[in-house]
Amino acid sequence: MDSLFSKEELEFAEEMRNFYRTEIPEEIRYRVAIGQEVSKDDMVTSQRILNKHGLAVPNWSLEYGGRDWTPVQRHIYLDEMQTACVPHPLPFNASMVGPVIDTFGSKEIKDRFLPATANLDIWWSQGFSEPNAGSDLASLKTSAVRDGDKYIVNGQKTWTTLGQYGDWIFCLVRTDPNVKKQAGISFLLIDMTSPGLTVRPIQTIDGGVEVNEVFFENVEVPVENLVGEENKGWTYAKFLLGNERTGIARVGESKVNLARAKAYAAATKTQRGSLLDDPQYSTRIAKIEAELKALEMMQLRVLSTQVAGSDAPDPRSSILKLRGSELQQDITELLMDIVAPQGMDFVDSAQTRDGFTNLPQAAVSATARYFNMRKVTIYGGSSEVQRSIISKAILGL
């Protein structure tokens, strides 16, 4: 891969590599490396260090903490972060609401929210999906009715990831029910301490409570919390999702997880020596390695033809999201199979993570991760949605 980068890009990669390994606390990176769940405190600590050095939100405008980097430099920044096992800046802040506010918000709303968003002084939640509006997001029904200098919001959002930590939530709400469904949506910022707003956890198949339901009952939201223009929220949502899908490829993270799978396989003894000597496992690992390398090359190809500073979502990000999420699942399945005898004890014992101190950490984390990663081919636009985008926007079908 080094031959694909210029001398300056290689020097930039070395700079990023050294920074991540010296400035981010080793105990945080270790927890990421072995597959442990990263705490809220870990994420806040890491992001504030990055922000202090101007590395939390490089994709924003220069005025609000961005960096004048090329697309390739942005790729190196992220890839080195993932391979160093550094928690990524909270995506709801850095890659979702931040760029939307930065691109479409007024100067007042930028000054009010962006510095705190970059430093994780505000933990943002995402209020997009609803019980009957997931992949067909434009069918959302949560309403915001204008009443003088405020909106009255009623409805429900679901699958709100890490909503239990949320300070504010950015929501798509219906402000005009009498027009085409995509045309009547607005992008609203809501304080999660507002009266009438309730968060309820959803226990997932891995035993965790990573996602939540959020209910709005006559929640009053000041009109100045509207981002951009009323009824233009669908445009802002498409912009947000285009940014989200590019990062979902997670090539660097997949490299780390595959390396961990190989280490577990090497430590698992068999009659032939270890699982690495087993033709079934060695072939499977080699196939994933080749496909991951192909995905990385595809990502670099996309980056090499992007225009630096362009705000337009690249439809090719759907290819990265589609294949990247599939490979993430392939690797978690490999990890699950390697530790299967111990991992199944986790499944058979209970529905929560409590009480598993007698099991190897690899078995607990790999099993929980396997179940949790069933979601990656759904969020950010399901694989079916990505194939539709690819067929229309790229292939012209």
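**Contacts, cores and salt bridges in the predicted model**

Residues 24 or more positions apart supply 72% of those contacts in the protein that have a separation of 6 or more. The model is a predicted one, and the protein it describes contains 13 helices and 10 strands. Of its 397 residues, 49% are buried, while the protein exposes about 18,400 Å², of which carbon and sulfur atoms contribute 51%.

The largest nonpolar core comprises 61 residues, and those with the most contacts inside it are Y20, Y77, W124, F170, F187 and L189. Because domain 1 (2-89) and domain 2 (124-231) both give residues to this core, it lies between them. A second, separate core is made up of 21 residues, with A249, V302, L320 and I338 included among them. Within the contact list of F170, which leaves out residues up to four places away in sequence, are the aromatic residues F92, W124, F128 and F187, together with M96, V97, L188, L189 and L240, and also S125, Q126 and G127.

The surroundings of helix α8 (residues 251-267) can be followed from V251, which lies in this helix. V251 counts as buried because its relative accessibility is 2%, a value under the 20% cut-off. When residues up to four places away in sequence are set aside, V251 touches D79, Q82, L292, L295, E296 and Q299. In addition, V251 and S325, which are 74 residues apart in sequence, have a C-alpha to C-alpha distance of 9.8 Å.

Two of the residues touched by V251, namely D79 and E296, also take part in salt bridges with K255 of helix α8. In the pair formed by K255 and D79, the closest N and O atoms are 3.8 Å apart; this pair links distant parts of the chain, since K255 is in helix α8 and D79 in helix α4 (residues 71-83), 176 residues apart. In the pair formed by K255 and E296, the closest N and O atoms are 2.9 Å apart. As K255 lies in helix α8 and E296 in helix α9 (residues 279-304), this second pair ties together parts that are 41 residues apart in sequence. With regard to accessibility, K255 counts as partly exposed at 28%, whereas D79 counts as buried at 12% and E296 is buried with a relative accessible area of 4%.

Across the whole structure, a search finds 23 salt bridges. One of them joins D121 to R48, with the closest N and O atoms 3.1 Å apart. This pair, too, links distant parts of the chain, for D121 is placed in the loop between α6 (107-118) and β1, R48 is placed in helix α3 (residues 40-52), and the two are 73 residues apart. D121 is partly exposed, with a relative accessible area of 43%, and R48 likewise counts as partly exposed, at 34% relative accessibility. Beyond such pairs, K287, E291, R323, E326 and R387 are linked in a network of salt bridges. In general terms, side chains of opposite charge can pair when their charged atoms come close.

Exposed positions were also examined. N132 is found in the loop between β1 (124-127) and β2 (143-147), and it is exposed, with a relative accessible area of 71%. The C-alpha atoms of N132 and K157 are separated by 9.7 Å, the two residues being 25 residues apart along the chain. L395, in turn, has its place in the segment after α13 (383-394), and at 56% relative accessibility it counts as exposed, because this value is over the 50% cut-off. Together with I394 and L397, L395 forms a nonpolar patch on the surface, and the accessible area of the three residues together is about 330 Å².

How values were computed: Residues numbered from 1 in each chain as written. Predicted model: local features only at pLDDT ≥ 70, side-chain atom pairs only at ≥ 80, totals over all residues. Heavy atoms only, no water. Patch = residues over 30% accessible without salt bridge, like charges linked within 9 Å, V, L, I, M, F, W, Y side chains within 5 Å. Areas by Shrake-Rupley, 256 points an atom, 1.4 Å probe, with all protein chains shown as cover. Salt bridge = Lys/Arg side-chain N within 4 Å of Asp/Glu carboxyl O. Helix = DSSP H or I, 4+ residues; strand = E, 2+ residues; numbered from the N terminus. Buried < 20%, exposed > 50% of the residue type's maximum accessible area, 1.4 Å probe, protein only. Core = buried A, V, L, I, M, F, W, Y, C linked by side-chain atoms within 4.5 Å. Domains from an automatic or database assignment. Contact = heavy atoms within 4.5 Å.
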